[in-house]
Amino acid sequence: MIILGCGYIGQALARRYRQRGEAVIGVVRSAERAAEVEAAGAQALQLDLSCDDLAPLKLAGEQVFHLAPPPNTGDDDPLTAHLIQAFESDGHPRRLVYIGTTGIYGDCAGAWVDEDWPPQPTASRSWRRWDAEQRLRQWSRDTGAELVILRVAGIYACDRLPLARIRSAQPVVKADEAPWSNRIHAEDLVEICIAAMERAPAGAVYNVCDGHPSTMTDYFCQVADAAGLPQPPQIPLAAADGQVSAGMLSYLKESRRLSNQRLLDELEINLRYPTLTQGLAPCFSGSGA
Ligand SMILES: NC(=O)c1ccc[n+]([C@@H]2O[C@H](COP(=O)([O-])OP(=O)(O)OC[C@H]3O[C@@H](n4cnc5c(N)ncnc54)[C@H](OP(=O)(O)O)[C@@H]3O)[C@@H](O)[C@H]2O)c1
C-alpha cells in the first residue's frame with residue numbers, strides 16, 4: 001500500500017494496514033513527518049510530489065492513496081499533474097483513492113447536496129481540488145486505471161479540535177445567520193478510505209461526511225461545552241469581515257448540507273460517530289480540557 005501525503009490521516013491509515021500485516025510506504029516532504037511515518041510502522045519516503053523524480057516510488061500496479069493537498073496558491077493542482085506525468089513514465093497504479101474536499105460544490109444556499117450536484121467551486125482552494133479531480137478522472141479514462149474519489153468534509157477528532165481558538169475567545173457568527181457545514185470523524189474517515197480501496201466500484205465518487213450537518217457556530221459551541229470552556233462570543237454575519245480570519249470568512253460564504261447516502265448504501269459503512277455529539281463524547285471523559 002502506498003500513501004502519498006502521509007500526514008495525520010495517512011499515518012492513521014498506515015497503522016491500520018500495519019495491524020493487518022500489510023507493507024505500507026508513506027510519502028512526505030519533511031524529515032519530521034518522515035519520522036512520524038516510521039513511528040506508525042510504515043516505510044517513509046521523503047519526496048516532493050510536486051517536482052521530484054518519482055521513479056523511486058515504484059507505483060506501477062500498486063494500490064495508492066493520494067492525500068497530498070495542492071499547493072496554497074493558483075487555480076490548478078500542479079502536484080497531481082506531476083503525479084500523472086510520473087504514472088505515464090514509470091507505470092500506472094492499479095487503483096487510486098483520492099481524498100479531495102466538498103469545497104468543490106461551492107455555495108449551495110443550504111441545499112441538500114449529493115454527488116450529482118454540479119460542482120461550482122468559488123474559493124481558489126476549491127478550484128485546485130476540482131482541477132485535481134478532473135485530471136485524475138481523465139487519467140483513469142485514458143488508462144483504465146481504477147479511480148475512487150472521496151469528497152471529504154471537515155475532519156475532527158479528539159486530538160484535532162479548535163480548543164486554542166475557543167480559549168482565545170475568537171468570535172463566531174450568530175447561530176441563526178451561520179451557514180451549514182459538514183464534518184466527519186477522523187476514525188470514520190480512515191475506515192471509509194479502507195472500504196473505498198477494497199470495495200468501491202471503479203469510477204465511484206462519494207461525499208464523506210457524517211450526514212448530520214450543523215453550523216460552524218454549533219460546532220464551536222458543542223466543542224466548547226464538551227471541553228468545559230466558555231462558548232465563543234457571537235457576532236452578526238455582516239460584521240464578520242475583519243473580525244474572523246480570511247480562511248474562516250471564505251468558509252462562511254458557503255452553505256450546504258451534504259448527503260452521505262451513497263456512501264452508506266454502496267460501501268455499507270456503519271459510522272462509529274454519526275453525530276458530533278457522539279464524536280465528542282469520549283474526548284473529555286475523565287480529564288479536564
Ligand atoms: N482539514 C480538513 O478538515 C480536511 C477536509 C477535507 C479534506 N482534507 C484533506 O485531506 C487530506 C489528508 O488530511 P490530513 O489532515 O492527513 O493532512 P496533513 O496532516 O496535512 O497531511 C498531508 C501530508 O501531505 C504531505 N505533503 C504535502 N505536500 C506534499 C508534497 N508536495 N510532496 C510530498 N508530500 C506532501 C505532508 O508532508 P510534509 O508535512 O512533510 O510536507 C503531509 O504529511 C489532505 O489533502 C487535506 O487537505 C482535509
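This is a short tour of a predicted model, moving from the whole chain to its sheet, its helices and its ligand.

**Whole chain**

Start with the full chain in cartoon view. There are ten helices and 15 strands to see. The radius of gyration is 19 Å, close to the 19 Å that the globule rule gives for 289 residues, so the chain is as compact as a globular protein of that length. Rotate to the principal axes: the C-alpha trace spans about 55 × 40 × 35 Å along them. Colour by burial next. Of the 289 residues, 40% count as buried. Now turn to contacts between residues at least 6 apart in sequence: 78% of them join residues at least 24 apart.

**The seven-stranded sheet**

Select β3, β2, β1, β4, β5, β7 and β12. In that order they form an open sheet of seven strands, with parallel pairing. Which strands stand at the edges? They are β3 (43–46) and β12 (205–208). Each has a single partner strand, so one side of each is left without a neighbour in the sheet. Look along the sheet for its twist. Neighbouring strands are turned by 20° against each other on average, direction ignored.

**Across the sheet, from β4 to β12**

Strands of a sheet pair through backbone hydrogen bonds, either parallel or antiparallel. Walk through three pairings here.

- Select β4 (residues 63–66) with β5. Four bridges join these parallel strands. Pick out Gln-63; its bridge partner in β5 is Arg-95.
- Add β7. β5 and β7 pair in the parallel sense over seven bridges. Ile-99 has Leu-150 of β7 as its bridge partner.
- Finish with β12. Four bridges join it to β7, and the two run parallel. Ile-149 has Val-205 of β12 as its bridge partner.

Stay on β7 for a moment. Is it largely enclosed or left open by the rest of the structure? Six of its seven residues are buried, so β7 is largely enclosed.

**Helices on the sheet**

Show helix α2 (residues 31–39). It lies across β2 and β3, running at about 165° to β3. Then show helix α4 (residues 124–143). This helix packs on the sheet, touching β5 and β7 (146–152). The direction of α4 makes about 160° with that of β5.

**A stop at Thr-80**

Move to helix α3 (residues 78–90) and select Thr-80 in it. Buried or exposed? Thr-80 has 26 C-beta neighbours inside 10 Å, and 20 are enough, so Thr-80 counts as buried. Which residues does it touch, leaving aside neighbours within four places in sequence? Thr-80 is in contact with Ala-132, Arg-135 and Leu-136. For a distance check, draw a line from Thr-80 to Ala-39. These residues are 41 apart along the chain, and their C-alpha atoms are separated by 27 Å.

**Around the ligand**

End at the ligand and select the 24 residues around it. Gly-5, Gly-7, Ile-9, Arg-29 and Ser-30 come nearest. Four elements give two or more residues to this shell: α1 (8–19), β2 (25–28), β5 (95–101) and β8 (154–156). Which element gives the most? That is α1, with three residues. Colour the shell by residue class to close the tour. The shell divides into 14 nonpolar, seven polar and three charged residues.

Definitions and conventions: Residues are numbered from 1 along each chain as its sequence is written. This is a predicted model: local features need pLDDT of at least 70, side-chain atom pairs count only at pLDDT 80 or more; totals for chains, interfaces and linings use all residues. A residue is near a molecule or strand if its C-beta atom, placed from the backbone, lies within 6 Å of it. Ala, Val, Leu, Ile, Met, Phe, Trp, Tyr, Cys and Pro count as nonpolar, Asp, Glu, Lys and Arg as charged, and the others, Gly among them, as polar. The radius of gyration is taken over C-alpha atoms; the globule rule is 2.2 Å times the number of residues to the power 0.38. A residue is buried if 20 or more other C-beta atoms lie within 10 Å of its own, exposed if 12 or fewer, and partly exposed in between; C-beta atoms are placed from the backbone. Two residues are in contact if their C-beta atoms, placed from the backbone, lie within 7 Å. Two strands pair if DSSP finds at least two bridges between them. Axes are lines fitted to C-alpha atoms, for helices over the stretch in contact, and angles run from 0 to 180 degrees between N-to-C directions.
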